[in-house]
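The following exercises concern the surroundings of a ligand and the burial of selected parts of a protein. Please study the sequence and the structure before reading the solutions.

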Amino acid sequence: MNGRSRSSSPEISPLDFGEDLAPLPVYKAAATTALDFSGLLDEPLKLHEDLSSGCGGQLWPAGMVLAKHMLHYHRDKLQTSRVLELGAGGGSVGLTIAKGCRIDQPLYITDMIDMEPLMQHNIALNELDDRVRGRILNWGEPLSQEIIDFKPDTILAADCVYFEPAFPLLLQTLEDLLTLNPSAIVFFCFKKRRRADMQFLKSARRAFRVTELEDEDRPVFTREGLFLYTITAK
Ligand SMILES: C[S@@+](CC[C@H](N)C(=O)[O-])C[C@H]1O[C@@H](n2cnc3c(N)ncnc32)[C@H](O)[C@@H]1O
């Protein structure tokens, strides 16, 4: 991926999707729901969903799978991890970790500027202001000094493969993060909606080590077209 020229993140709105692109979940009116991930959270996560600010305003299927996987299999290890979520939307995966795990240091949830108010709203709704930081991180753009100093070792990305023009931008950001910290692990979950989505995986395999993750729910989510991997530096 070296030598790829950087371009800034495109603006993406739910209305930009044609039928040949990833169909969105059914448009729901803005509302707040409570999620306990099959009892894995003692106190449910409150998640405000509002698609008016972008497609990340709603919890997507890979977000559900990844949040549950992290709680089920990585709760203890997360205590000392430096966690950063990419394309967090309303922040569901990162907020679930902050809610359900002891974490020694604040965790970052990131997305484009349009999602920032919803991230901040959900942080406040769950009284996680001292444990979660909502920040703008546009894929493909250089990492901010704050993120460079934080040097994440655990990166989360759920349902970030759905818009082909953004694939090189996301690959660039993964490359930047894995160069910053070559021992970092990216937990990566996505739902295949179009054949092009597998192109992302092909490119990722060329640049990184991509490994399927064990999960007892795999038979169920595989049937629904969901993939769960770790991505690490080669
Ligand atoms: C399908 S949503 C997934 C939201 C959440 N991770 C989930 O699983 O529910 C994809 C998210 O990626 C974000 N995104 C898309 N392109 C981006 C870019 N170029 N830079 C940063 N975030 C981006 C969108 O704003 C959106 O919140």
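**Exercise 1: The ligand shell**

By class, the shell around the ligand holds ten nonpolar, eight polar and three charged residues. Here Ala, Val, Leu, Ile, Met, Phe, Trp, Tyr, Cys and Pro count as nonpolar, Asp, Glu, Lys and Arg as charged, and the others, Gly among them, as polar. The model is predicted, with local features requiring pLDDT of at least 70 and side-chain atom pairs pLDDT 80 or more, while totals for chains, interfaces and linings use all residues. Residues are numbered from 1 along each chain as its sequence is written, and side-chain values use heavy atoms, without hydrogens and water.

Task: Identify which residues come nearest to the ligand, and state which backbone atoms approach its nitrogen atoms.

Solution. Step one: of the 21 residues around the ligand (a heavy atom within 4 Å), Trp60, Gly87, Asp111, Trp139 and Ala158 come nearest. Step two: a backbone N or O atom of glycine 87 lies 2.8 Å from a ligand nitrogen atom, and for alanine 158 the corresponding distance to a nitrogen atom of the ligand is 2.9 Å.

**Exercise 2: Buried or exposed**

Task: Determine how many residues of helix H2 are buried, and classify arginine 131.

Solution. Step one: buried means under 20% relative accessible area, exposed over 50%, and partly exposed in between (1.4 Å probe, protein chains only). Step two: nine of the nine residues of helix H2 (residues 92–100) are buried, so this helix is largely enclosed by the rest of the structure. Helices are DSSP runs of H or I with at least four residues, and strands are runs of E with at least two, numbered from the N terminus. Step three: arginine 131, in the loop between helix H3 (116–125) and strand E5 (132–136), counts as partly exposed because its relative accessibility is 22%.

Notes
A polar contact is a pair of N or O atoms within 3.5 Å; within protein, one must be able to donate a hydrogen and the other to accept it, and residues adjacent in sequence count only if both atoms are side-chain atoms.
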